[in-house]
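Let's take a walk through a protein model together. Have the sequence and the 3D view open while you read.

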Amino acid sequence: MLNKPETYWNNVLFADKSKYNIFGSDGMEKKILGANPKNLVGTVTYGGRGVLVWGCMSASGLGNLVFFDGIMNHSLYLNILKDNLKLSVQNLGIGNNFFYQDNDPMHTALNVRLWCLYNCPQNLKTPPQSPDLNPIEHIWRELDVRVRKHDIETKSELKTVMMEEWMNIDAEITKKN
């Protein structure tokens, strides 16, 4: 892969999922225990305080951002691919596209592999137990930095801000990654 020309990488669509919490990506929330600021304590909260997203990107920009609830399994993942992959490729103007995803078990499930075989046969393979080298990780970080600049109190606000900021990440940023 190291010897592939830049034009090759310009036609790769990278996809992955991530989680964003209302009070920071690590789930930390400040809880006021009294009027004194020294009584601010970090607590980890679970359940309903964040959103799960799937997104994709190429050097020419960002594809769709999809919010989903619950645990993503291979069936949900396949539905997201069916509804969003080809549309994102078309909107990004990628020709002779290649598709990259990591070795998450839902990505390697039989129904997902068969769908990819017929719908994106130029699927880039990564070795088992390989480190996550997906450039979309940089985009998730960029999105997190942008979202944290907003005062967000609800999941609905978080989704709205995430979508707005996702749309504002331009191709100059994706091309660098």
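What follows is a short tour of the sheet, one of its edge strands and two helix pairs.

## The sheet

Keep in mind that this is a predicted model. Start with the sheet: it is open, has five strands and runs in the order β5-β4-β1-β6-β7, with mixed pairing. Which strands stand at the edges? They are β5 and β7 (123–124), and each has a single partner strand, so one side of each is left without a neighbour in the sheet.

Now zoom in on one pair. Strand β1 (residues 12–21) and strand β4 (residues 50–58) are antiparallel partners, joined over eight bridges. To see one spot, find D16: its bridge partner in β4 is G55.

## A helix across the sheet

Next, look for α2, which lies across β1, β4, β5 and β6 (98–100). Against β5, the helix runs at about 155°. Angles over 145 degrees count as roughly antiparallel, so α2 and β5 fit that description.

A good residue to click on here is N64, which sits in strand β5 (residues 61–68). The side chains of N64 and N84 are joined by a polar contact of 2.8 Å. Leaving out residues up to four places away in sequence, N64 touches W54, G55, C56, N84, L87, S88, N91 and W166. Notice G55 in that list; you've already met G55 as the bridge partner of D16.

## Helices α2 and α3

How do you describe two packed helices? You give the angle between their axes and the distance between the axes. For helix α2 (residues 74–92) and helix α3 (residues 110–119), the axes come within 9 Å and cross at roughly 15°. The two are therefore roughly parallel to each other, and their crossing is right-handed.

Who touches whom? On the α2 side you'll find H74, S75, Y77, L78, L81, K82, L85 and K86, and they meet N111, V112, W115, C116 and N119 of α3. Sorted by class, that contact has seven nonpolar, four polar and two charged residues.

## Helices α4 and α5

Now try the pair made of helix α4 (residues 136–147) and helix α5 (residues 155–168), whose axes come within 9 Å and cross at roughly 120°. That angle makes α4 oblique to α5. The crossing is right-handed.

From α4, the contact uses I139, W140, L143, R146 and V147, while α5 brings L158, V161, M162, E165, W166 and N168. By class, those residues divide into eight nonpolar, one polar and two charged. W166 may look familiar: N64 touches W166 as well.

Note on methods:
Residues are numbered from 1 along each chain as its sequence is written. This is a predicted model: local features need pLDDT of at least 70, side-chain atom pairs count only at pLDDT 80 or more; totals for chains, interfaces and linings use all residues. Side-chain values use heavy atoms; hydrogens and water are left out. Axes are lines fitted to C-alpha atoms, for helices over the stretch in contact, and angles run from 0 to 180 degrees between N-to-C directions. Helices (H or I, at least four residues) and strands (E, at least two) are DSSP runs, numbered from the N terminus. Angles under 35 degrees count as roughly parallel, over 145 as roughly antiparallel, 65 to 115 as roughly perpendicular and the rest as oblique. A crossing is left-handed if the near helix is turned anticlockwise from the far one by less than a right angle, and right-handed if clockwise. Contact means heavy atoms within 4.5 Å. Ala, Val, Leu, Ile, Met, Phe, Trp, Tyr, Cys and Pro count as nonpolar, Asp, Glu, Lys and Arg as charged, and the others, Gly among them, as polar. A polar contact is a pair of N or O atoms within 3.5 Å; within protein, one must be able to donate a hydrogen and the other to accept it, and residues adjacent in sequence count only if both atoms are side-chain atoms. Two strands pair if DSSP finds at least two bridges between them.
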